[in-house]
Amino acid sequence: MTQDTFMGYVRPDGRVGIRNHVAIIPSCGCALRAAQMIAAAVDGAVLIDYHEGCGITDADMELAKGWLTAFGRHPNVIGSVVVGLGCEGLDPHDLGARVAEGWAPSETLVIQEQGGTRSTADKGIAFARQMVNAAKTMHREPCPIAALTIGLECGGSDATSGMAANPALGEFSDLMTAQAAKVILAETSELLGAEHVLRQRSASPEIADRLIATIDACEAFLKSTGEDFMGKQPSPGNVRGGITTVEEKALGDVRKGGTSPIVDVLAYGDPPTLPGLSFMDTPGNDLTSVVGLVAGGSHIVTFTTGRGNPMGNPIVPVIKITGNPQTYAKMTDDMDVNAGLAITGEKTLAEVGRDIYDLSLRVAEGQLTKAEALGHGEFMILRQGPIY
Amino acid sequence: MRNALKLHPADTVVTMIADVSAGEQVIWDEGLSGVEALDAVSFGHKVAVVAIEAGSRVMKYGASIGMATEPIAVGRHVHVHNLKSVRGAAKG
(Lines give C-alpha, C1' and ligand atoms only; values in the text may rest on other atoms or scores of the structure.)
Protein backbone atom coordinates (compact mmCIF):
# COMPACT_ATOMS: atom_id res chain seq x y z
CA MET A 1 0.00 0.00 0.00
CA THR A 2 1.24 3.47 -0.84
CA GLN A 3 1.69 6.06 1.88
CA ASP A 4 -0.57 9.00 1.12
CA THR A 5 0.48 12.51 2.08
CA PHE A 6 -1.17 15.89 2.32
CA MET A 7 0.08 19.46 2.61
CA GLY A 8 -0.17 20.64 6.22
CA TYR A 9 1.43 23.06 8.66
CA VAL A 10 4.08 21.41 10.84
CA ARG A 11 4.00 23.19 14.21
CA PRO A 12 7.03 23.83 16.46
CA ASP A 13 5.75 21.11 18.85
CA GLY A 14 5.77 18.56 16.01
CA ARG A 15 2.01 18.33 15.59
CA VAL A 16 0.39 19.16 12.25
CA GLY A 17 -2.29 21.78 11.67
CA ILE A 18 -4.64 22.12 8.69
CA ARG A 19 -6.02 25.62 9.43
CA ASN A 20 -4.55 28.84 10.87
CA HIS A 21 -7.19 30.18 13.23
CA VAL A 22 -6.82 32.73 16.02
CA ALA A 23 -9.09 31.56 18.87
CA ILE A 24 -10.93 34.14 20.94
CA ILE A 25 -11.76 32.32 24.19
CA PRO A 26 -14.08 33.85 26.81
CA SER A 27 -13.58 32.43 30.30
CA CYS A 28 -17.26 33.00 31.15
CA GLY A 29 -20.55 34.00 29.58
CA CYS A 30 -20.22 37.58 30.88
CA ALA A 31 -17.07 38.04 28.74
CA LEU A 32 -18.77 36.69 25.65
CA ARG A 33 -19.78 40.02 24.10
CA ALA A 34 -16.24 41.42 24.18
CA ALA A 35 -14.95 38.17 22.71
CA GLN A 36 -17.62 38.31 19.98
CA MET A 37 -16.55 41.88 19.08
CA ILE A 38 -12.93 40.77 18.67
CA ALA A 39 -13.77 37.72 16.55
CA ALA A 40 -16.17 39.70 14.35
CA ALA A 41 -13.59 42.42 13.65
CA VAL A 42 -10.63 40.25 12.65
CA ASP A 43 -10.53 38.09 9.54
CA GLY A 44 -8.93 34.83 10.68
CA ALA A 45 -10.20 35.04 14.26
CA VAL A 46 -12.90 32.66 15.49
CA LEU A 47 -15.09 32.78 18.59
CA ILE A 48 -15.05 29.87 21.02
CA ASP A 49 -18.66 30.35 22.11
CA TYR A 50 -18.29 29.33 25.77
CA HIS A 51 -21.14 30.48 28.05
CA GLU A 52 -20.45 29.10 31.53
CA GLY A 53 -17.31 29.54 33.65
CA CYS A 54 -19.16 30.64 36.79
CA GLY A 55 -21.55 29.01 39.26
CA ILE A 56 -20.61 25.48 38.26
CA THR A 57 -19.02 22.72 40.35
CA ASP A 58 -15.26 22.67 40.91
CA ALA A 59 -15.10 19.41 38.95
CA ASP A 60 -16.96 20.88 35.95
CA MET A 61 -14.83 24.06 36.17
CA GLU A 62 -11.56 22.13 36.08
CA LEU A 63 -12.71 19.99 33.17
CA ALA A 64 -13.99 23.02 31.23
CA LYS A 65 -10.65 24.76 31.77
CA GLY A 66 -8.86 21.72 30.36
CA TRP A 67 -11.07 21.55 27.28
CA LEU A 68 -10.81 25.31 26.61
CA THR A 69 -7.03 24.95 26.96
CA ALA A 70 -7.15 22.10 24.43
CA PHE A 71 -8.95 24.42 22.00
CA GLY A 72 -6.34 27.16 22.53
CA ARG A 73 -3.53 24.67 21.97
CA HIS A 74 -5.16 22.79 19.09
CA PRO A 75 -2.80 22.47 16.10
CA ASN A 76 -5.32 24.40 13.94
CA VAL A 77 -4.90 27.42 16.27
CA ILE A 78 -1.93 29.78 15.75
CA GLY A 79 -2.75 32.20 18.57
CA SER A 80 -5.33 32.86 21.27
CA VAL A 81 -6.86 35.79 23.10
CA VAL A 82 -8.45 34.77 26.41
CA VAL A 83 -11.11 37.26 27.52
CA GLY A 84 -12.22 37.25 31.16
CA LEU A 85 -14.57 39.40 33.21
CA GLY A 86 -12.63 39.45 36.49
CA CYS A 87 -15.06 38.11 39.10
CA GLU A 88 -15.89 34.71 37.56
CA GLY A 89 -15.02 31.30 38.97
CA LEU A 90 -12.95 30.19 36.00
CA ASP A 91 -9.78 32.27 36.48
CA PRO A 92 -8.93 33.80 33.08
CA HIS A 93 -5.28 34.39 34.04
CA ASP A 94 -4.89 30.70 34.89
CA LEU A 95 -6.64 29.69 31.65
CA GLY A 96 -4.44 32.11 29.67
CA ALA A 97 -1.29 30.76 31.36
CA ARG A 98 -2.24 27.19 30.47
CA VAL A 99 -2.92 28.10 26.85
CA ALA A 100 0.40 29.99 26.74
CA GLU A 101 2.28 26.79 27.64
CA GLY A 102 1.74 25.73 24.02
CA TRP A 103 3.92 26.93 21.14
CA ALA A 104 1.46 29.58 19.90
CA PRO A 105 1.21 33.13 21.31
CA SER A 106 -1.57 33.83 23.81
CA GLU A 107 -2.79 37.05 25.43
CA THR A 108 -5.22 37.48 28.31
CA LEU A 109 -7.51 40.49 28.76
CA VAL A 110 -9.79 41.00 31.77
CA ILE A 111 -12.70 43.38 31.26
CA GLN A 112 -12.82 44.71 34.85
CA GLU A 113 -9.06 45.45 34.66
CA GLN A 114 -9.16 46.93 31.15
CA GLY A 115 -11.97 49.39 31.87
CA GLY A 116 -14.88 47.83 30.07
CA THR A 117 -16.09 46.03 26.99
CA ARG A 118 -14.95 48.56 24.38
CA SER A 119 -11.36 48.97 25.56
CA THR A 120 -11.04 45.18 26.01
CA ALA A 121 -12.33 44.58 22.51
CA ASP A 122 -10.00 47.22 21.02
CA LYS A 123 -6.93 45.66 22.66
CA GLY A 124 -8.06 42.15 21.73
CA ILE A 125 -8.55 43.19 18.11
CA ALA A 126 -4.97 44.54 18.00
CA PHE A 127 -3.57 41.30 19.51
CA ALA A 128 -5.59 39.11 17.14
CA ARG A 129 -4.45 41.12 14.10
CA GLN A 130 -0.79 40.67 15.11
CA MET A 131 -1.33 36.91 15.41
CA VAL A 132 -3.07 36.70 12.01
CA ASN A 133 -0.21 38.67 10.43
CA ALA A 134 2.42 36.40 11.99
CA ALA A 135 0.70 33.40 10.38
CA LYS A 136 1.15 34.84 6.89
CA THR A 137 4.69 33.48 6.65
CA MET A 138 3.64 29.94 7.61
CA HIS A 139 3.69 27.49 4.74
CA ARG A 140 2.38 24.01 4.11
CA GLU A 141 4.64 21.01 3.59
CA PRO A 142 4.04 17.31 2.85
CA CYS A 143 2.77 15.39 5.89
CA PRO A 144 1.81 11.73 6.31
CA ILE A 145 -1.87 10.83 6.79
CA ALA A 146 -0.72 9.32 10.10
CA ALA A 147 -0.44 12.91 11.39
CA LEU A 148 -4.23 13.30 11.17
CA THR A 149 -6.83 12.70 13.86
CA ILE A 150 -10.37 12.23 12.52
CA GLY A 151 -13.57 12.41 14.57
CA LEU A 152 -16.61 10.36 13.56
CA GLU A 153 -20.00 11.82 14.39
CA CYS A 154 -23.61 11.26 13.39
CA GLY A 155 -26.53 13.55 14.02
CA GLY A 156 -30.07 14.02 12.82
CA SER A 157 -29.98 10.37 11.83
CA ASP A 158 -32.66 8.56 9.86
CA ALA A 159 -32.90 5.04 8.49
CA THR A 160 -30.49 5.88 5.65
CA SER A 161 -27.73 6.67 8.20
CA GLY A 162 -27.36 3.01 9.16
CA MET A 163 -27.83 1.72 5.61
CA ALA A 164 -25.66 4.14 3.60
CA ALA A 165 -23.89 7.09 5.28
CA ASN A 166 -22.50 5.22 8.30
CA PRO A 167 -21.26 2.12 6.42
CA ALA A 168 -19.72 4.41 3.78
CA LEU A 169 -18.03 6.33 6.61
CA GLY A 170 -16.88 2.93 7.91
CA GLU A 171 -15.15 2.35 4.56
CA PHE A 172 -13.51 5.79 5.00
CA SER A 173 -12.43 4.90 8.56
CA ASP A 174 -10.76 1.74 7.27
CA LEU A 175 -8.86 3.76 4.62
CA MET A 176 -7.70 6.19 7.34
CA THR A 177 -6.64 3.55 9.87
CA ALA A 178 -4.79 1.68 7.09
CA GLN A 179 -2.66 4.85 6.81
CA ALA A 180 -2.12 4.80 10.61
CA ALA A 181 -4.29 7.87 11.19
CA LYS A 182 -6.05 8.21 14.54
CA VAL A 183 -9.82 7.82 14.16
CA ILE A 184 -12.29 8.41 17.01
CA LEU A 185 -15.70 6.76 17.33
CA ALA A 186 -17.90 8.47 19.95
CA GLU A 187 -21.44 9.01 21.27
CA THR A 188 -21.86 6.52 24.11
CA SER A 189 -25.64 6.81 24.54
CA GLU A 190 -26.07 5.81 20.90
CA LEU A 191 -24.35 2.45 21.41
CA LEU A 192 -26.88 0.78 23.74
CA GLY A 193 -27.76 -2.46 22.02
CA ALA A 194 -24.59 -2.73 19.92
CA GLU A 195 -22.39 -4.07 22.73
CA HIS A 196 -21.97 -7.48 21.06
CA VAL A 197 -20.59 -5.77 17.94
CA LEU A 198 -18.23 -3.59 20.01
CA ARG A 199 -16.98 -6.56 22.05
CA GLN A 200 -16.12 -8.37 18.82
CA ARG A 201 -14.41 -5.27 17.43
CA SER A 202 -12.26 -4.59 20.51
CA ALA A 203 -8.52 -5.22 20.22
CA SER A 204 -8.45 -7.11 23.56
CA PRO A 205 -10.87 -8.38 26.21
CA GLU A 206 -9.60 -5.60 28.49
CA ILE A 207 -10.56 -2.90 25.92
CA ALA A 208 -13.94 -4.61 25.47
CA ASP A 209 -14.58 -4.58 29.23
CA ARG A 210 -13.68 -0.88 29.50
CA LEU A 211 -15.91 -0.06 26.55
CA ILE A 212 -18.92 -1.99 27.90
CA ALA A 213 -18.37 -0.48 31.39
CA THR A 214 -18.45 2.99 29.81
CA ILE A 215 -21.75 2.22 28.07
CA ASP A 216 -23.21 0.69 31.28
CA ALA A 217 -22.23 3.79 33.30
CA CYS A 218 -23.83 6.05 30.68
CA GLU A 219 -27.03 3.97 30.71
CA ALA A 220 -27.21 4.05 34.54
CA PHE A 221 -26.60 7.82 34.63
CA LEU A 222 -29.28 8.56 32.03
CA LYS A 223 -31.80 6.22 33.68
CA SER A 224 -31.18 7.91 37.06
CA THR A 225 -33.21 10.83 35.65
CA GLY A 226 -36.28 8.55 35.77
CA GLU A 227 -37.06 9.35 32.15
CA ASP A 228 -37.29 6.96 29.21
CA PHE A 229 -34.80 7.35 26.37
CA MET A 230 -37.65 7.76 23.87
CA GLY A 231 -37.74 11.36 22.60
CA LYS A 232 -34.00 11.73 23.32
CA GLN A 233 -32.54 8.46 21.99
CA PRO A 234 -33.94 8.19 19.38
CA SER A 235 -34.96 11.85 18.91
CA PRO A 236 -38.33 12.81 17.41
CA GLY A 237 -36.62 13.44 14.04
CA ASN A 238 -34.90 10.05 14.18
CA VAL A 239 -38.32 8.46 14.72
CA ARG A 240 -39.94 10.35 11.82
CA GLY A 241 -37.02 9.13 9.70
CA GLY A 242 -37.86 5.50 10.49
CA ILE A 243 -35.63 4.70 13.48
CA THR A 244 -37.79 3.11 16.21
CA THR A 245 -35.48 2.23 19.12
CA VAL A 246 -32.08 3.11 20.58
CA GLU A 247 -30.89 -0.42 19.72
CA GLU A 248 -31.73 0.13 16.04
CA LYS A 249 -29.96 3.49 16.10
CA ALA A 250 -26.91 1.92 17.79
CA LEU A 251 -26.58 -0.91 15.27
CA GLY A 252 -26.56 1.69 12.47
CA ASP A 253 -24.25 4.09 14.34
CA VAL A 254 -21.55 1.56 15.09
CA ARG A 255 -20.99 1.02 11.37
CA LYS A 256 -19.18 4.41 11.23
CA GLY A 257 -16.12 2.78 12.75
CA GLY A 258 -15.52 0.36 9.87
CA THR A 259 -13.83 -2.95 10.58
CA SER A 260 -10.51 -2.13 12.25
CA PRO A 261 -10.10 -3.08 15.94
CA ILE A 262 -10.89 -0.58 18.71
CA VAL A 263 -7.51 0.03 20.36
CA ASP A 264 -8.37 2.41 23.22
CA VAL A 265 -11.18 3.93 25.29
CA LEU A 266 -10.84 7.67 25.94
CA ALA A 267 -12.51 10.07 28.35
CA TYR A 268 -14.33 13.09 26.86
CA GLY A 269 -11.81 15.48 25.30
CA ASP A 270 -8.75 13.27 25.83
CA PRO A 271 -6.45 12.91 22.79
CA PRO A 272 -5.90 9.43 21.35
CA THR A 273 -2.32 8.21 21.74
CA LEU A 274 -2.47 5.12 19.52
CA PRO A 275 -2.90 4.94 15.75
CA GLY A 276 -6.11 3.27 14.59
CA LEU A 277 -9.65 3.40 15.93
CA SER A 278 -10.27 4.67 19.48
CA PHE A 279 -13.56 5.18 21.27
CA MET A 280 -14.30 8.44 23.13
CA ASP A 281 -17.00 8.68 25.82
CA THR A 282 -19.15 11.59 24.57
CA PRO A 283 -22.89 12.32 24.73
CA GLY A 284 -25.06 11.74 21.68
CA ASN A 285 -25.79 15.49 21.61
CA ASP A 286 -23.97 16.60 18.47
CA LEU A 287 -22.55 19.96 19.58
CA THR A 288 -21.21 18.54 22.83
CA SER A 289 -19.82 15.44 21.17
CA VAL A 290 -18.04 17.37 18.40
CA VAL A 291 -16.44 19.71 20.97
CA GLY A 292 -15.12 16.62 22.80
CA LEU A 293 -13.73 15.21 19.56
CA VAL A 294 -12.00 18.53 18.77
CA ALA A 295 -10.63 18.96 22.31
CA GLY A 296 -9.16 15.49 21.73
CA GLY A 297 -7.24 16.87 18.76
CA SER A 298 -9.44 15.93 15.80
CA HIS A 299 -8.35 17.88 12.72
CA ILE A 300 -11.52 17.05 10.81
CA VAL A 301 -14.90 15.80 11.97
CA THR A 302 -16.81 13.64 9.50
CA PHE A 303 -20.51 13.91 10.26
CA THR A 304 -23.29 11.73 8.85
CA THR A 305 -26.84 13.05 8.87
CA GLY A 306 -29.99 11.65 7.32
CA ARG A 307 -32.38 14.45 8.32
CA GLY A 308 -29.84 17.19 7.55
CA ASN A 309 -27.82 18.83 10.36
CA PRO A 310 -25.91 22.00 9.33
CA MET A 311 -23.66 22.47 12.41
CA GLY A 312 -19.91 23.07 12.33
CA ASN A 313 -17.11 23.88 14.74
CA PRO A 314 -15.07 27.09 15.21
CA ILE A 315 -11.60 25.58 14.65
CA VAL A 316 -12.14 22.33 12.76
CA PRO A 317 -13.77 21.62 9.39
CA VAL A 318 -16.86 19.41 9.62
CA ILE A 319 -17.67 17.29 6.54
CA LYS A 320 -21.39 16.56 6.12
CA ILE A 321 -22.40 13.23 4.61
CA THR A 322 -26.03 12.32 4.05
CA GLY A 323 -27.34 8.90 3.07
CA ASN A 324 -30.72 10.38 2.20
CA PRO A 325 -30.92 11.42 -1.48
CA GLN A 326 -33.90 13.71 -0.71
CA THR A 327 -31.95 15.51 2.04
CA TYR A 328 -28.98 15.96 -0.30
CA ALA A 329 -31.26 17.53 -2.93
CA LYS A 330 -33.06 19.75 -0.38
CA MET A 331 -30.01 20.85 1.66
CA THR A 332 -27.26 20.94 -0.93
CA ASP A 333 -25.87 24.19 0.61
CA ASP A 334 -25.07 22.25 3.80
CA MET A 335 -24.22 18.75 2.55
CA ASP A 336 -20.72 17.88 1.27
CA VAL A 337 -21.22 14.22 0.26
CA ASN A 338 -24.24 12.37 -1.15
CA ALA A 339 -23.98 8.85 0.25
CA GLY A 340 -27.56 8.37 -0.98
CA LEU A 341 -25.93 7.25 -4.24
CA ALA A 342 -25.33 3.94 -2.43
CA ILE A 343 -29.09 3.62 -1.86
CA THR A 344 -30.09 4.48 -5.42
CA GLY A 345 -27.44 2.00 -6.61
CA GLU A 346 -25.34 4.59 -8.50
CA LYS A 347 -22.27 3.96 -6.31
CA THR A 348 -21.09 1.26 -3.92
CA LEU A 349 -20.45 1.96 -0.23
CA ALA A 350 -16.73 1.50 -0.91
CA GLU A 351 -16.86 4.13 -3.69
CA VAL A 352 -18.60 6.64 -1.42
CA GLY A 353 -16.03 5.87 1.32
CA ARG A 354 -13.24 6.61 -1.17
CA ASP A 355 -15.00 9.88 -2.13
CA ILE A 356 -15.08 10.91 1.55
CA TYR A 357 -11.38 10.05 1.86
CA ASP A 358 -10.42 12.08 -1.22
CA LEU A 359 -12.53 15.03 -0.03
CA SER A 360 -11.03 14.86 3.47
CA LEU A 361 -7.52 15.22 2.01
CA ARG A 362 -8.60 18.26 -0.03
CA VAL A 363 -10.19 19.70 3.12
CA ALA A 364 -6.98 18.97 5.05
CA GLU A 365 -5.13 21.01 2.40
CA GLY A 366 -7.45 24.00 2.80
CA GLN A 367 -10.64 23.41 0.81
CA LEU A 368 -13.54 24.79 2.86
CA THR A 369 -16.38 22.48 3.86
CA LYS A 370 -19.95 23.72 3.39
CA ALA A 371 -20.22 24.34 7.16
CA GLU A 372 -17.00 26.39 7.15
CA ALA A 373 -18.07 28.46 4.15
CA LEU A 374 -21.36 29.24 5.92
CA GLY A 375 -19.51 30.29 9.08
CA HIS A 376 -20.89 27.54 11.33
CA GLY A 377 -18.97 27.57 14.63
CA GLU A 378 -21.27 25.92 17.17
CA PHE A 379 -19.82 25.18 20.59
CA MET A 380 -21.26 23.35 23.58
CA ILE A 381 -19.21 21.74 26.32
CA LEU A 382 -20.01 18.80 28.59
CA ARG A 383 -21.29 19.63 32.09
CA GLN A 384 -22.39 16.97 34.59
CA GLY A 385 -23.26 19.02 37.66
CA PRO A 386 -25.78 21.78 38.45
CA ILE A 387 -25.57 25.53 37.84
CA TYR A 388 -25.57 27.28 41.25
CA MET B 1 -37.98 -3.48 -9.06
CA ARG B 2 -36.38 -3.51 -5.61
CA ASN B 3 -37.98 -1.00 -3.20
CA ALA B 4 -36.61 -2.26 0.14
CA LEU B 5 -33.32 -3.39 1.71
CA LYS B 6 -32.82 -6.45 3.91
CA LEU B 7 -29.63 -5.78 5.83
CA HIS B 8 -28.98 -9.30 7.20
CA PRO B 9 -30.31 -12.77 6.32
CA ALA B 10 -31.63 -13.24 9.89
CA ASP B 11 -33.69 -10.02 9.80
CA THR B 12 -37.47 -10.15 10.37
CA VAL B 13 -37.97 -6.67 8.87
CA VAL B 14 -36.84 -4.88 5.71
CA THR B 15 -36.37 -1.11 5.28
CA MET B 16 -38.20 0.74 2.50
CA ILE B 17 -36.07 2.76 0.04
CA ALA B 18 -39.23 4.09 -1.63
CA ASP B 19 -42.71 4.91 -0.32
CA VAL B 20 -45.17 2.02 -0.66
CA SER B 21 -49.00 2.00 -0.54
CA ALA B 22 -51.11 -0.71 1.09
CA GLY B 23 -51.58 -3.55 -1.40
CA GLU B 24 -48.30 -2.93 -3.24
CA GLN B 25 -45.45 -5.43 -3.21
CA VAL B 26 -42.40 -4.93 -0.98
CA ILE B 27 -39.40 -6.35 -2.84
CA TRP B 28 -35.88 -6.61 -1.36
CA ASP B 29 -34.56 -9.32 -3.66
CA GLU B 30 -35.54 -9.24 -7.31
CA GLY B 31 -35.26 -13.04 -7.43
CA LEU B 32 -38.01 -13.38 -4.80
CA SER B 33 -41.69 -12.46 -4.93
CA GLY B 34 -41.55 -10.25 -1.80
CA VAL B 35 -44.52 -9.54 0.45
CA GLU B 36 -47.68 -7.42 0.12
CA ALA B 37 -47.69 -4.23 2.21
CA LEU B 38 -50.71 -4.13 4.56
CA ASP B 39 -50.11 -0.44 5.38
CA ALA B 40 -48.78 2.60 3.55
CA VAL B 41 -45.11 2.75 4.57
CA SER B 42 -42.75 5.68 3.97
CA PHE B 43 -39.14 5.71 2.76
CA GLY B 44 -36.84 4.62 5.60
CA HIS B 45 -39.54 2.82 7.59
CA LYS B 46 -39.73 -0.93 8.26
CA VAL B 47 -42.05 -3.71 7.05
CA ALA B 48 -42.34 -7.18 8.67
CA VAL B 49 -41.32 -9.97 6.30
CA VAL B 50 -42.15 -12.82 8.69
CA ALA B 51 -44.95 -13.06 11.27
CA ILE B 52 -43.66 -11.74 14.61
CA GLU B 53 -45.28 -12.86 17.89
CA ALA B 54 -46.05 -10.37 20.66
CA GLY B 55 -43.16 -10.31 23.13
CA SER B 56 -40.59 -11.64 20.67
CA ARG B 57 -37.50 -9.82 19.40
CA VAL B 58 -37.58 -7.87 16.13
CA MET B 59 -34.38 -8.41 14.15
CA LYS B 60 -32.53 -5.87 11.93
CA TYR B 61 -28.78 -5.76 11.12
CA GLY B 62 -28.86 -9.40 12.31
CA ALA B 63 -29.51 -8.26 15.90
CA SER B 64 -32.41 -7.39 18.20
CA ILE B 65 -33.76 -3.86 17.82
CA GLY B 66 -36.43 -4.36 20.50
CA MET B 67 -39.57 -6.30 21.36
CA ALA B 68 -42.90 -6.57 19.52
CA THR B 69 -45.70 -5.15 21.72
CA GLU B 70 -48.42 -6.95 19.72
CA PRO B 71 -48.55 -9.68 17.06
CA ILE B 72 -47.16 -8.28 13.79
CA ALA B 73 -48.42 -9.81 10.53
CA VAL B 74 -46.28 -10.13 7.39
CA GLY B 75 -46.51 -6.85 5.47
CA ARG B 76 -47.27 -4.62 8.50
CA HIS B 77 -45.48 -1.35 9.16
CA VAL B 78 -43.13 -1.92 12.14
CA HIS B 79 -42.51 1.21 14.22
CA VAL B 80 -43.26 2.83 17.60
CA HIS B 81 -46.89 1.54 17.59
CA ASN B 82 -45.83 -2.14 17.72
CA LEU B 83 -42.09 -2.18 18.57
CA LYS B 84 -40.56 -1.08 21.89
CA SER B 85 -36.95 -0.64 22.99
CA VAL B 86 -35.72 -3.15 25.56
CA ARG B 87 -32.73 -1.00 26.51
CA GLY B 88 -34.12 2.52 26.69
CA ALA B 89 -36.84 2.23 29.34
CA ALA B 90 -36.21 4.06 32.62
CA LYS B 91 -37.71 1.17 34.62
CA GLY B 92 -37.64 -2.58 34.08
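## A two-chain predicted model, in questions

Me: Let's begin with a small detail of this predicted model. Val13(B) has a partner in β5(B); which residue stands opposite?
Reply: Happy to start there. Strand β2 of chain B, residues 13-16, pairs with strand β5 of chain B, residues 46-48, in the antiparallel sense over three bridges. Within β5(B), the residue opposite Val13(B) is Ala48(B).

Me: Which strands are at the edges of the open sheet in chain B?
Reply: The sheet has four strands in the order β1-β2-β5-β8, with antiparallel pairing. An edge strand here pairs on one side only. That description fits β1 (4-5) and β8 (77-78) of chain B.

Me: How many helices and strands does chain B have?
Reply: Reading from the N terminus, the elements of chain B run β-β-β-β-β-β-β-β-β. The count is therefore zero helices and nine strands.

Me: What radius of gyration does chain B have, and what would a compact globule give?
Reply: The C-alpha trace of chain B spans about 45 × 25 × 20 Å along its principal axes. For 92 residues, a compact globule would come out near 12 Å, and the value for chain B agrees with that. The radius of gyration of chain B is 13 Å.

Me: Turning to chain A, what is its radius of gyration?
Reply: Chain A holds 14 helices and 14 strands. The globule rule gives 21 Å for its 388 residues, and chain A comes close to that, so it is as compact as a globular protein of that length. Its C-alpha atoms fill a box of roughly 60 × 50 × 45 Å along the principal axes. The radius of gyration itself is 20 Å.

Me: What share of each chain is buried?
Reply: A residue counts as buried with 20 or more other C-beta atoms within 10 Å of its own. Of the 92 residues of chain B, 45% meet that mark. For the 388 residues of chain A, the share is 59%.

Me: And among contacts between residues at least 6 apart in sequence, what share joins residues at least 24 apart in each chain?
Reply: Let's take the chains in turn, with the same separation of at least 6 as the starting point. In chain B, 47% of such contacts join residues at least 24 apart. In chain A, the figure is 72%.

Me: Which element gives the largest share of the side of domain 1 of chain A that touches domain 2 of chain A?
Reply: Chain A is divided into domain 1 (21-137) and domain 2 (144-373), and 12 residues of domain 1 are in contact with nine residues of domain 2. On the domain 1 side, the elements giving two or more residues are β3 (21-26), β4 (45-47) and α2 (58-72) of chain A. That side has eight nonpolar, four polar and no charged residues. The largest share, four residues, comes from α2(A).

Me: Where chain A touches chain B, which element of chain A gives the largest share?
Reply: Here 24 residues of chain A are in contact with 22 residues of chain B. On the chain A side, α6 (159-178) and α10 (246-253) each give two or more residues. By class, that side has nine nonpolar, nine polar and six charged residues. The largest share, four residues, belongs to α10(A).

Me: Within what arc do the buried residues of α3(A) fall?
Reply: Helix α3 of chain A, residues 92-100, has Pro92(A), Leu95(A), Gly96(A) and Val99(A) as its buried residues. What covers them includes α2, β5 (77-84) and β6 (106-110) of chain A. Seen down the helix axis, these buried residues line one face of the helix, because they fall within an arc of 100°.

Me: Which residue of β11(A) stands opposite Asp264(A)?
Reply: β11(A) is mostly covered, with four of its five residues buried. Four bridges join β10(A) to β11(A), and the two run parallel. Strand β9 (182-185) of chain A is also joined to β11(A) by four bridges in parallel, with Lys182(A) opposite Gly276(A). For Asp264(A), the residue opposite is Ser278(A).

Me: Does Thr273(A) count as buried or exposed?
Reply: Thr273(A) is in the loop between β10 (262-266) and β11 (276-280) of chain A. A residue with 12 or fewer C-beta neighbours within 10 Å falls in the exposed class. Thr273(A) has 10 such neighbours, so it counts as exposed.

Key. Residues are numbered from 1 along each chain as its sequence is written. Chains are lettered from A and ligands numbered from 1 in the order in which they are written. This is a predicted model: local features need pLDDT of at least 70, side-chain atom pairs count only at pLDDT 80 or more; totals for chains, interfaces and linings use all residues. The radius of gyration is taken over C-alpha atoms; the globule rule is 2.2 Å times the number of residues to the power 0.38. Two residues are in contact if their C-beta atoms, placed from the backbone, lie within 7 Å. Domain bounds come from an automatic or database domain assignment. Ala, Val, Leu, Ile, Met, Phe, Trp, Tyr, Cys and Pro count as nonpolar, Asp, Glu, Lys and Arg as charged, and the others, Gly among them, as polar. Two strands pair if DSSP finds at least two bridges between them. The arc is that of the directions from the helix axis to the C-beta atoms.
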